[in-house]
Amino acid sequence: MDETLRAARSEIEELAVEDGEFCVACAETGERPPPVTGARFADADDARRAAALAREYRDGLREHDPDLPHHRFVVSESAARSLQFAGVRERTDDTRANGLPRTSRSVVAAGDGEGEWLRMANAPLVHLTRNGDPVGDDAVGRQLDSKL
């Protein structure tokens, strides 16, 4: 079984390229768990092969840890394309109950394609990616609950 894990990981590493347009991620959460964390693939066929290998790898790991989360792997265009953030905090004419000035904060997140942007005003700042991978729903929920 350990040889199966090594072979699957090795083949995924061989299929991966640095600037590929495709990735393998969980259909429900967008997470890219091991062994596909951070991996990109040159074409959809290589990514589909990597998805099959990732399923085999995770099934093998599940023999050691039956509680290992299940993921339904799908191929998509890489989520790791550049994502830019810009934030501005401005003082307003209003004051808070404690006498301190009230501020207004806006954040713009933009991708490298047309129409890929999101603007938020006076909303909590939520990090959508970490190390080039989308963060899970639970992490986004914790960020929203923190109201930072």
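Which residues does Arg 58 touch, not counting residues up to four places away in sequence? In this predicted model, Arg 58 touches Pro 33, Pro 34, Pro 35, Leu 68, Pro 69, His 71 and Phe 73. The points below cover this arginine, then the nonpolar core, then the cysteines.

**Arg 58**
- Arg 58 sits in helix α2, which spans residues 44–64.
- The residue is buried but forms no salt bridge.
- Asp 59 has the nearest side chain of opposite charge, and it is 7.6 Å away from Arg 58.
- A polar atom of the Arg 58 side chain lies 3.2 Å from the backbone oxygen of Pro 69.

**The nonpolar core**
- In soluble globular proteins, nonpolar side chains tend to be buried together.
- Here the largest nonpolar core has 15 residues.
- The residues with the most contacts inside this core are Ile 12, Val 24, Val 36, Phe 41, Ala 50 and Phe 73.
- Two elements, α1 (2–15) and α2, give two or more residues to the core.
- Helix α2 gives the most, with 6 residues.
- Not counting residues up to four places away in sequence, Phe 73 touches Val 24, Ala 25, Cys 26, Pro 33, Val 36, Ala 51, Ala 54, Arg 55 and Arg 58.
- Phe 73 is therefore in contact with Arg 58, given that contact means heavy atoms within 4.5 Å.

**Cysteines**
- A disulfide is a covalent bond between the sulfur atoms of two cysteines.
- The count for this model is 0 disulfides.
- Cys 23 has a relative accessible area of 1%, so it is buried.
- Cys 26 also counts as buried, because its relative accessibility is 4%.

Notes. Residues numbered from 1 in each chain as written. Predicted model: local features only at pLDDT ≥ 70, side-chain atom pairs only at ≥ 80, totals over all residues. Heavy atoms only, no water. Disulfide = S-S within 2.5 Å. Buried < 20%, exposed > 50% of the residue type's maximum accessible area, 1.4 Å probe, protein only. Helix = DSSP H or I, 4+ residues; strand = E, 2+ residues; numbered from the N terminus. Lys, Arg positive; Asp, Glu negative; His and termini not counted. Salt bridge = Lys/Arg side-chain N within 4 Å of Asp/Glu carboxyl O. Polar contact = N/O pair within 3.5 Å; in protein donor to acceptor, adjacent residues only side chain to side chain. Core = buried A, V, L, I, M, F, W, Y, C linked by side-chain atoms within 4.5 Å.
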